[in-house]
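Opening a fresh page for this one. I want to go through the record, the odd backbone spots, the voids and the helix packing, in that order.

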Amino acid sequence: MNKIPITVVVSVKNEALNLPSCLDKLKRFDQIIVVDSGSTDDTIAIATEMGAEVLQFQWNGKFPKKRNWTLQNGNLRHEWILFLDADEFVTEAFVDEVAVKTLDPNYNGFTIQFENYFMGRKLKYGYGFQKSALFKKSKGAYEKIEEDLWSHLDMEVHEHPIIEGKVGIIKSKVVHKDFKNLEHYIAKHNAYSSWEAQRYLQLKKSKNEVLSFNQKIKYGLLNTGLLPAVYFLGAYFLKLGFLDGKEGFYLARFKSHYFFQIQTKVDSIKNNIN
């Protein structure tokens, strides 16, 4: 069978639980690269055994971070690059659609949509999740954010790809299902909220940065102190999250609390409170 001429980059650190399911579904792509950050579990053994190439990334605290570093330094055999996390699982329908749409010379990138699971349950409602994680390496890169003095995240989590030219949408969804426990989810969002607080304060000082429409709404509401409440009301009632049962309620509350964490951390940093 002819392989699809796309390089898939899977960014990992201690992903032994998720990685086997992720890699198993990528067999139709020609090149799979696992970019690791010093995992201490069986991540590397699993990646090697399943035929993926492995790159080790050690962040020096400066630009570039993990994904941009891979774009700059990895032996990427193909022009089209698909970036995934280990808890993101492609479907046959998604792969079929990508194989066809990346042949269209009018597009330089595509936005990917996700089917989300939380606490083991597939969620049908609430706010959807998407990102432009499929693009031509000669036409795109992740945005550079000046964060040398405050960031502890070695990978682009909230940075958006900047893609030259036309960006389409892949309609078939990727499954987002983390097999790790709730403690991991909470710890991860604690780290993310610290980054977002620092980023918000950085943006307040900068007058030249161009923000997306969604970023303007998010940071505008953060300014007013209403973001946690607005998010919960929107996710749980307006977007019908209550129809997802208790998991829909838990996720809306956790995400609302995430924004509350950002808000309180901003105040803490501004007032030098530890």
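These are my notes on what I looked up in this predicted model.

**Record**

I started with the annotation. UniProt, in an unreviewed entry, puts "domain: Glycosyltransferase 2-like" at residues 7-126. I then checked what that span looks like in the model: residues 7-126 are 26% helix and 32% strand. The C-alpha atoms at the two ends of the span sit 32 Å apart.

**Backbone oddities**

Where is the cis peptide bond? I found it joining F63 and P64, with omega at about 5°. P64 belongs to the loop that runs between β3 (53-56) and α3 (66-73).

I also looked at phi. N14 is not a glycine, yet its phi is positive, at about 50°. I placed N14 in the loop between β1 (4-12) and α1 (19-24).

**Cavity**

How many cavities of 30 Å³ or more are there? I get one. For the largest cavity I noted a volume of about 80 Å³. Its lining takes in 14 residues, and those nearest the centre are F63, K65, I145, E147 and E159. So F63 turns up twice in my notes, since it is also one partner in the cis peptide bond. By class, I wrote down eight charged, four nonpolar and two polar residues for the lining of the largest cavity.

**Second largest pocket**

Next I went to the second largest pocket, which holds about 200 Å³ of space. It is lined by 13 residues, with K27, I32, M50, G51 and A52 closest to the centre. Which element gives the most to this lining? I traced it to strand β2 (residues 29-36), which supplies four residues. The class split for the lining of the second largest pocket is six nonpolar, five charged and two polar.

**Helix packing**

I looked at two helix pairs, and α8 is in both.

For the first pair, I took helix α5 (residues 182-205) against helix α8 (residues 245-270). Their axes are 8 Å apart and the packing angle is about 40°. Are they parallel or oblique? An angle under 35 degrees would count as roughly parallel, and theirs is about 40°, so α5 and α8 go down as oblique to each other. I noted the crossing of α5 and α8 as right-handed. The residues in the contact of α5 with α8 come out as 13 nonpolar, six polar and four charged.

For the second pair, I took helix α7 (residues 227-238) with α8. Here the axes come within 8 Å and cross at roughly 160°. The cut-off for roughly antiparallel is over 145 degrees, so I logged α7 and α8 as roughly antiparallel to each other. The crossing of α7 and α8 is right-handed.

Conventions:
Residues are numbered from 1 along each chain as its sequence is written. This is a predicted model: local features need pLDDT of at least 70, side-chain atom pairs count only at pLDDT 80 or more; totals for chains, interfaces and linings use all residues. Side-chain values use heavy atoms; hydrogens and water are left out. On a 1 Å grid over the protein atoms alone, a cavity is a set of points where a 1.4 Å probe fits but cannot get out, and a pocket is an open set with protein on both sides within 12 Å along at least five of seven lines; lining residues have an atom within 4 Å of a point. Grid points are joined across faces, edges and corners, and a volume is the space filled by probe spheres set on the points. Ala, Val, Leu, Ile, Met, Phe, Trp, Tyr, Cys and Pro count as nonpolar, Asp, Glu, Lys and Arg as charged, and the others, Gly among them, as polar. Axes are lines fitted to C-alpha atoms, for helices over the stretch in contact, and angles run from 0 to 180 degrees between N-to-C directions. Angles under 35 degrees count as roughly parallel, over 145 as roughly antiparallel, 65 to 115 as roughly perpendicular and the rest as oblique. A crossing is left-handed if the near helix is turned anticlockwise from the far one by less than a right angle, and right-handed if clockwise. UniProt positions are given in the numbering used here, feature names are shortened, and annotations may be inferred rather than shown by experiment.
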